[in-house]
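I am opening this notebook to keep track of what I look up, one topic at a time. I begin with a single element and then move outward to whole chains.

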Amino acid sequence: MLGDLLARWLSIQQAGTIGRLRRTHDWLVRTENGTLRPADSGQWLRDMSALGSLELDWDRDRWSATPLVLTRIPHGDGLALLVGCRGESCERKLDGLDLEVHRLPQVSRPSGMPRPTVVLLQYDTVGDLSEAAKALEATYVPCAAEQLAEHLSRPQLGEPAAGPNLRNASLELFDPFTLQWGPPLFRPLPHGAYRYDYAGRKHYLYLRHDGWRQCDMPSAVFTALATVKVRPLRWRADSSGRDTGCLHVDWGAPLPVLQQRCLVLCSGFTPRFSSLAKTGSYDNIPRSIAEAVAASLGQTLEVS
Amino acid sequence: MPSGGQQWSWEQWQSALSAVFFADRDASTPWVFFLDVDEAARLWPELDQPVADLSACVGQRLEWRFGNRLFDSLDLSWRRWKTRLADQPPPNLPVLAVSVLAASAMHTDELATSAAYYLRLAELLKPAASGADMLRIEDDLRDGFEVVAGWWDDLDRWVSARASALGTSTIETHETFWKVGYPISQALLRRSDRMLLTHFFAALDVKKHGVPPVNALPGLLSLWASRPRGFSETFTRALNTPGLHHVLGELVHRQASEWDGLVLTSRGRRQLDLRIALDLDAFTATWAVPVVEGVTHATLQQSGHRTVHLSQPAYGDLYAAEGMPPLAATLHHQQGLSLRGDGLEAVFRDQPILAFRGHPAAEWLSVDSVVPHEQHVLAVRPEHGAAMDVVLQTAARSGWRRFKQTPDKALVPGRVVYLNVVLENDAAFRNAVQGLTPSLVSALRPEPVARPRLVNGLKVAERLGNHHYLLGGPPDLLLPSSDGERRVAAALDGHHQDPAFLATGFAVPLRPLGLEAGPHRLEVDGMVLDFFLHGGDELPQAESRQLVWKLGEEDTPPLLAEGPIGPSAIAGAAVHGDTPHPFLLRRHARSFFISDQRGHVTSVALPPPTDWRSQLDLPESPYWEFTPPASAVWLLSVNQRSGALECPALIRWLDPHLTRLSPDGHEMWEQISLHWRSSSPLLDSYIRAWERVRRAG
């Protein structure tokens, strides 16, 4: 599978430049005559980061692979998730484990490269997990999702910055009520989150009473959302009555990497996107984790 | 004195040739004794037919009656000169010049052999001869030419000894046609061609990949020169003459082997590229000159009326430039731009389509041609706008658009600007450009590579070499191409490819061939390309610096940096800390209970699997995950078939404070006491507490 092949290559390379990785992504898709959009490689990388397989430094054009981790899935009834880019030897060791190994296709996307196969292990005891981790040369982390939830912090605006070039035709203002970006209609520019294109990338700035601030997209959006009563995170309990359920996040409110990873590690699957509801839905999210994520973003979780 | 219709005497020709090739030489450029009909007309415009005049002059000087000893009398003066080792240029320059003229006329032959050379030489020296007479003259020239070859050899040494004043000698010979090889070496490559070949060597990247074999060079050069490169007509014709390919291959091979890595203009100046930088944010288009190694400052002139200063900046790879001419005026004139000085020449070649690619210092920088699958900005002359729309609609990735410019504040004056242009479909491109003017197609078509190259692929083990790939990720083959389509026969691991590869400027993927692990060899265009596919098992992970999220104090957001994973540094799912593990309880054939510190026993209800787990296409789990309440001390399990109570499991220790128990509670603790007394001191302390409660009644 193409996604697994690229992940295998990443496990050998361990680090590199994002530019080259994006080109490699596009090239591989082309070799199979796949559908490709300009944003696909970036989305694939962001998903790999949310899955905990890569760390991405977009500003410095660097990626690095993360260590293999075996970790419990909350409310998984004995399911553990293998996180990280798997090499050839890891795949072979998986086949040699005494545990039941499940390989499941990742949530599919309409274009670009498929994400690597999800590997889940059915275990009997905690001892099984630490033994399996040793056999796979992976790190055993009791529950990465729950542990990560304890370290989440609120995205913040960065250093003071120069304002955007008002002649830049791509300049847009974020509307926290509709969660959409559009050309600013008024001069002088009102306070809020702004973005513009430069050198083929989006750049983000925030204007507040003390002037312009550097920021990334999540900090721009959630700083703007903090000024209004809009709740982009909604948790619905599932029918099992086990205090777990589905977290729906509106499209216009992109989560910071660690918040997103915390949610993805609850299942091993990237969110399902609904173009009808315009949400991304994260499955198997314990309410406690959903609340931790919402609190870290300065949001109140809507629960039903 | 000249005789007959001849205009110049032997002495006049000797003097004229000496002045052209030996006086006031620019020693920074190679010494070449190049002469052909056009060059002679340019050098001596005062003569009606300089080639005929020079040839007649030499013809009269030769001793035809002595057969193959016709050069002997001239050889006497040559030997006198050689003996003296004088600083004066050698005698007999008219003979040498005619020998070059004969070589430059060889390209008119379909098969340019050495026989063809002597025929051309005979025609120059005795234009009226024919039939048997001509055959005899050819024979005499061939037999006697060894003398002239000796002169060339002497001249090479003499020029080489004066390289500091005259430049490096380019006199060479050919191992098969060694006598005529000398003049051919001067005739095929004029000085400007030698300079421009440095661009070919740079495109071949000979410093990194070495020089291709002699027999492959003419073909590769011919393809590379299929686009306008500025080569002389003589050289271009020679490239298209199969009989000259071997000679040409050797000449080019030798020059490539001796290339010092500098790219020169046709005038022999080191080339700087004049580019245009676009900043869509600041809405500006400015000149930009990429830094070349070893040039920190330069002062250049534009036709004597403008001075431009370049200086290398502390950061970045574009020179800081002062005094550049207005960009709009240059684009308006459509003639390009050349700035010269300090042994340098900065060149801007205007084209109907200017392509720009992303650049770290300039947002968008103009480039020589488009690269498939890369994002570009295109600036197109308005008359080609409609054609461009059609090409992009057919062959470009969706998402391109025309950039709105107001005429008074245009980003690129006089051009239509297209954004987000990615050419990605070679078949569609070929169809789309049919019927367009060649210059337009040429400007749009990807720049051909100079030699077959392996590109893309999942490269691994780069320390082992340049062509190691992961199994499943073999490279693509990029073939030299001309503006037309070219079928290229190739053999992969000894098997000929059927159908032959199509060279279009787009890469040919090898991945669909499903190659196996191990070494592979591709033979194409006279070149051999080796690569290796690794299964992945034997490859060690590359060492790298790990990116981690460094956790800050309290509300400080995490910071991405390089470093080790640790208690305050997260990478992926490697998060330090611990969380209590829930109990995994058997879903079937067991009943579970918990007891608190008061000894109260409550039943644990079996929940259904979560919705998510149920939706996975997995077998039902034999377990369910139980997180006990904070008050629970013991987990009790009863086998539903046998009714046997299993050994109680401690959940967390709390001192026993047993009080009144329900009958079910007493029953459970009685069972525990009966079966599991003395199994653990902690359990025994609860059993003793229960016994006290029971005794107290």
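Entry 1, a helix in chain B. I looked up burial in α3(B) and noted that P50(B), V51(B), D53(B), L54(B), S55(B), C57(B), V58(B) and G59(B) are buried, where buried stands for under 20% relative accessible area. I keep in mind that all of this comes from a predicted model. Helix α3 of chain B covers residues 50-61, which makes twelve residues, and I found that the helix reaches 17 Å from its first C-alpha to its last, close to the 16 Å expected at 1.5 Å a residue.

Entry 2, the make-up of chain B. I then went from the helix to its chain, and I recorded 21 helices and 32 strands for the secondary structure of chain B. Of the 697 residues in chain B, 52% are buried.

Entry 3, the overall form of chain B. What radius of gyration does chain B have, set against a compact globule of 697 residues? I noted 42 Å for chain B, whereas a compact globule of that many residues would have a value near 26 Å. The box that the C-alpha atoms of chain B fill, taken along the principal axes, is roughly 150 × 60 × 50 Å.

Entry 4, contacts, surface and charge in chain B. Looking at contacts between residues at least 6 apart in sequence, I found that 62% of those in chain B join residues at least 24 apart. The accessible surface of chain B comes to about 32,400 Å², and carbon and sulfur atoms account for 51% of it. I also wrote down 65 positive and 81 negative charges for chain B, with the mean positions of the two groups 3 Å apart.

Entry 5, the form of chain A. I turned to chain A, which has nine helices and 18 strands. Its radius of gyration is 20 Å, which agrees with the value near 19 Å that a compact globule of 304 residues would have. I noted a span of about 65 × 45 × 35 Å for the C-alpha trace of chain A along its principal axes.

Entry 6, burial, contacts and charge in chain A. Buried residues are 62% of the 304 in chain A, and among contacts between residues at least 6 apart in sequence, 61% join residues at least 24 apart. Chain A exposes about 12,100 Å², with 50% supplied by carbon and sulfur atoms. Last, I recorded 34 positive and 33 negative side chains in chain A, the centres of the two sets lying 8 Å apart.

Terms used. Residues are numbered from 1 along each chain as its sequence is written. Chains are lettered from A and ligands numbered from 1 in the order in which they are written. This is a predicted model: local features need pLDDT of at least 70, side-chain atom pairs count only at pLDDT 80 or more; totals for chains, interfaces and linings use all residues. Side-chain values use heavy atoms; hydrogens and water are left out. Helices (H or I, at least four residues) and strands (E, at least two) are DSSP runs, numbered from the N terminus. The radius of gyration is taken over C-alpha atoms; the globule rule is 2.2 Å times the number of residues to the power 0.38. Buried means under 20% relative accessible area, exposed over 50%, partly exposed in between (1.4 Å probe, protein chains only). Contact means heavy atoms within 4.5 Å. Accessible areas come from the Shrake-Rupley method with a 1.4 Å probe; for residues, only the protein chains shown count as cover. Lys and Arg count as positive and Asp and Glu as negative; His and the chain ends are not counted. The place of a charge is taken as NZ of Lys, CZ of Arg, CG of Asp or CD of Glu. The expected span of a helix is 1.5 Å times one less than its number of residues.
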